[in-house]
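Me: Could you take a close look at a single part of this structure, and walk me through it slowly, with each term explained as it comes up?

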Amino acid sequence: MRLFADENIDRLLVQRLRERGHTVFAAAERGPGLDDGSVLAEALRSDAILLTDDKGFGELVTLRGQPCKGIVLLRLNELSRRDAIAAAADAIERLQQKLEGHLTVIQPGVIRARAIPA
């Protein structure tokens, strides 16, 4: 699976996903400080699903119609760093292809997904 990690995503999660065989592009490695629209465009150019903890991307896609392959929104702040990384990596591993075309929210014990309007 191809993912594009927003710069707010823990580098250890990026590393864990790469170790599991995923291709992960990281905004922090490409040049931090990109605005949300540029990050979303980079993810699309990379043919990757965006991985973020910034709720603003949902608005860009659902309300403003900016195109994307998919978004995974992590809402795991109440967990320890180790547990949040494990929960995110495990959920992404389980869901894989179901992430494409969806805005997926991963919270402790809950995963919600809705289709992104075409």
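Reply:
**Two helices and their contact**

The axes of helix H1 (residues 11–19) and helix H5 (residues 81–95) come within 10 Å of each other and cross at roughly 35°, where axes are lines fitted to C-alpha atoms, for helices over the stretch in contact, and angles run from 0 to 180 degrees between N-to-C directions. Helices (H or I, at least four residues) are DSSP runs, as are strands (E, at least two), and they are numbered from the N terminus. This is a predicted model, in which local features need pLDDT of at least 70, side-chain atom pairs count only at pLDDT 80 or more, and totals for chains, interfaces and linings use all residues. Residues are numbered from 1 along each chain as its sequence is written, and side-chain values use heavy atoms, with hydrogens and water left out.

The crossing of H1 and H5 is right-handed, a term for the near helix being turned clockwise from the far one by less than a right angle, whereas anticlockwise would be left-handed. On the H1 side the contact (heavy atoms within 4.5 Å) is made by Arg11, Leu12, Leu13, Arg16 and Leu17, and on the H5 side by Arg81, Ile85, Ala86, Ala88, Ala89 and Ile92. These residues divide into eight nonpolar, no polar and three charged, where Ala, Val, Leu, Ile, Met, Phe, Trp, Tyr, Cys and Pro count as nonpolar, Asp, Glu, Lys and Arg as charged, and the others, Gly among them, as polar.

H5 also provides the largest share of the lining of the largest pocket, namely four residues, and that lining as a whole divides into eight nonpolar, two polar and three charged residues. A pocket here is an open set of points on a 1 Å grid over the protein atoms alone, where a 1.4 Å probe fits, with protein on both sides within 12 Å along at least five of seven lines, and lining residues have an atom within 4 Å of a point.
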